[in-house]
Amino acid sequence: MDKARVREIVERWVIPSPGSSYMGGIEERPVLASGHGSTVVDTTGKEYLDFQSGQMGAALGHSHPRVMAAIQEATRTFVHASNTLLNVPRLRLHERLGQLLVPPLQKSLFLVTGSDSIEASVDLARKATGGLEILGLHDGLHGSTSFISRSLSFAWSRRKHAAVAPATSAIFAPYCYRCPVASTFPKCEFLCLTSSLELADANLTAQPAAVIAEPVLSAGGVIVPPPGYFKALRQACQERGMLMILDEAQTGLGKCGKMFAFQHEDVVPDILALSKHFGGGLPVSAVCTTAEIADRAVARGYFATRSHATDPILCAAGLASLDVIVDEDLPGRAARIERRMKAGFEEMAKEFEIIGDIRGRGVLLGVELVTDRERKTPANKETDAIARRCLEAGLIFQIRGGGPGRANVLRFVPPMTTSDVEIDRALSILHDAFTAAAGRKSPVGKPSSVTGSLSR
Ligand SMILES: Cc1ncc(COP(=O)(O)O)c(C=O)c1O
């Protein structure tokens, strides 16, 4: 499909969404035709390394053969079914997921999107506690449905939305690189949390129901809370009769080097939301909780579903996805990818002053760019130029950053199945882009290499 035809369709028929500005208008961006493993191919035949795993739904790699086989089998047998009846893939998925959960988490319900899982998690917490208020981290993002999930997506600027839900408010995110309370860890003793809660206690008018958080704040700039933060948050919840909801859309099911990212923190949430690659590329999400919380909420009338929430084809894809994650040890592979990529970033940080911070877990990684390391001025323009150059050279990732005026974090989310060769290729493209941004020249005809010193 040529550019003129794409432009014609977009201008006439598409309601545009802003997306990644460095790629230009939506009509300027690659038109994708296929995807396999870590590679996507556009209509001109150009290949890209997809280091954002689609919209993070392809963390097993595009078109994983075992997921494809499960989908094909379902197309032969049973695609859609009533959500008021049970079906075999649905039952198997509840059981398989339940076996992987960390006790006392045990029970699950299925929905379609990540935003669905947040709406349903919040409602579950409200029914179970009888409370109303929900607190979220100010650099967090939890979805785009027009009521709860968007209202709790403080990293997205609530001013973009026509209206936000009542009884939703923010507490400071523990963004240590840019501490919101100008302190330093561990001397701070989680001042961001204690000061936020003091304010919340003064402001809240109803019984609070829950705090919601991502274990790694992805869209907010790949922010990794410091060790002990989630234990302190758990404690604060208990003192106030609130539940802790963890949104593991982007961190769960292997991506952070363990089955669930909360396992890095030695806490277990009351409610866990899963989505993105749970369906191996098809949309299926889950809300998981303890039997006690589920029973209490259901006794008070709780239920959550969607017409397609328990479709056999989606459940079969989810089941295949869980099997792949376990059988191929994808958490272990994610941990190895983290070591290799961070080693590459650290080598580059010795060469390029623009790299201010390197962070993340597993295959959810961020590199924050600043014009000077002392003042940490966000290098928004340079970030855009680097991302554009990488796209031209065949590497796709997204730009993120929390707070107004900050779009300076390169966020890399390669599929957990990405090979060492592909990682090294991505690092090499990135190195060339940094070289160009610094006004230097790459050696002609010789791709740069930053991987020679990689030993981890
Ligand atoms: C952490 C997190 N939760 C929830 C969502 C919403 O998922 P969906 O777009 O499938 O509704 C997203 C989307 O990016 C997300 O990053």
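These exercises, each with a worked solution, walk through a predicted model of a protein with a ligand.

**Exercise 1. List the residues around the ligand and sort them by character.**

Step 1. Start with the stretch Thr-113, Gly-114 and Ser-115, which belongs to the residues around the ligand.
Step 2. Add Leu-141, His-142 and Gly-143.
Step 3. Complete the shell with Glu-214, Asp-247, Ala-249, Gln-250 and Lys-276.
Step 4. Sort the shell: 2 of its residues are nonpolar, 6 are polar and 3 are charged.

**Exercise 2. Find polar atoms of Gly-114, Ser-115 and Asp-247 that lie within 3.5 Å of the ligand, and state how much of the ligand the protein covers.**

Step 1. Look at Gly-114. A polar atom of its backbone is 2.9 Å from a ligand oxygen.
Step 2. Move to Ser-115. Here a polar atom of the side chain lies 2.5 Å from an oxygen of the ligand.
Step 3. Turn to Asp-247. An N or O atom in its side chain is 2.6 Å from a nitrogen of the ligand.
Step 4. Now take the cover. On its own the ligand has 400 Å² of accessible area, and the protein covers 81% of that.

**Exercise 3. Locate the largest cavity and describe its lining.**

Step 1. Search the whole structure. There is 1 cavity of 30 Å³ or more.
Step 2. Give the volume. The largest cavity holds about 90 Å³ of space.
Step 3. Find the centre. Of the 14 lining residues, Pro-174, Cys-176, Cys-179, Cys-188 and Cys-192 lie nearest to it.
Step 4. Sort the lining. It has 12 nonpolar residues, 2 polar ones and no charged ones.

**Exercise 4. Which elements line the second largest pocket, and which gives the most residues?**

Step 1. Note the volume: the second largest pocket contains about 430 Å³ of space.
Step 2. Go to its centre. Among the 19 lining residues, Arg-90, Ser-108, Leu-109, Val-298 and Ala-304 are the closest to that point.
Step 3. Name the elements. Those giving two or more residues to this lining are α4 (88–100), β4 (105–111), β10 (285–290) and α9 (291–299).
Step 4. Pick the main contributor. That is β4, with 4 residues.
Step 5. Sort the lining: 9 residues are nonpolar, 7 are polar and 3 are charged.

**Exercise 5. Trace the open sheet of 4 strands and explain what its edges look like.**

Step 1. Read the order, which is β1-β2-β3-β13. The pairing is mixed.
Step 2. Check the ends. β1 (32–36) and β13 (395–396) each have a single partner strand, so one side of each lacks a neighbour in the sheet.
Step 3. Step inside. β2 (residues 39–42) and β3 (residues 47–50) run antiparallel and are joined by 3 bridges.
Step 4. Pick out one pair: Thr-39 has Leu-49, in β3, as its bridge partner.

**Exercise 6. Find the cis peptide bonds before Pro-104 and Pro-186, then place a residue with positive phi, Ala-182.**

Step 1. Take Pro-103 to Pro-104. This peptide bond is cis, with omega near 5°. Pro-104 sits in the loop between α4 and β4.
Step 2. Take Phe-185 to Pro-186. Its peptide bond is cis, with omega near 5°. Pro-186 is in the loop between β6 (168–171) and α7 (191–203).
Step 3. Check Ala-182. Its phi is positive, about 50°, although the residue is not a glycine.
Step 4. Place Ala-182. It lies in the loop between β6 and α7.

Methods
Residues numbered from 1 in each chain as written. Predicted model: local features only at pLDDT ≥ 70, side-chain atom pairs only at ≥ 80, totals over all residues. Heavy atoms only, no water. Near = heavy atom within 4 Å. Polar contact = N/O pair within 3.5 Å; in protein donor to acceptor, adjacent residues only side chain to side chain. Areas by Shrake-Rupley, 256 points an atom, 1.4 Å probe, with all protein chains shown as cover. Nonpolar A, V, L, I, M, F, W, Y, C, P; charged D, E, K, R; others polar. 1 Å grid on protein atoms, 1.4 Å probe; cavity = no way out; pocket = protein on both sides within 12 Å on 5 of 7 lines; lining within 4 Å. Points joined across faces, edges and corners; volume = space filled by probe spheres on them. Pairing = 2+ DSSP bridges.
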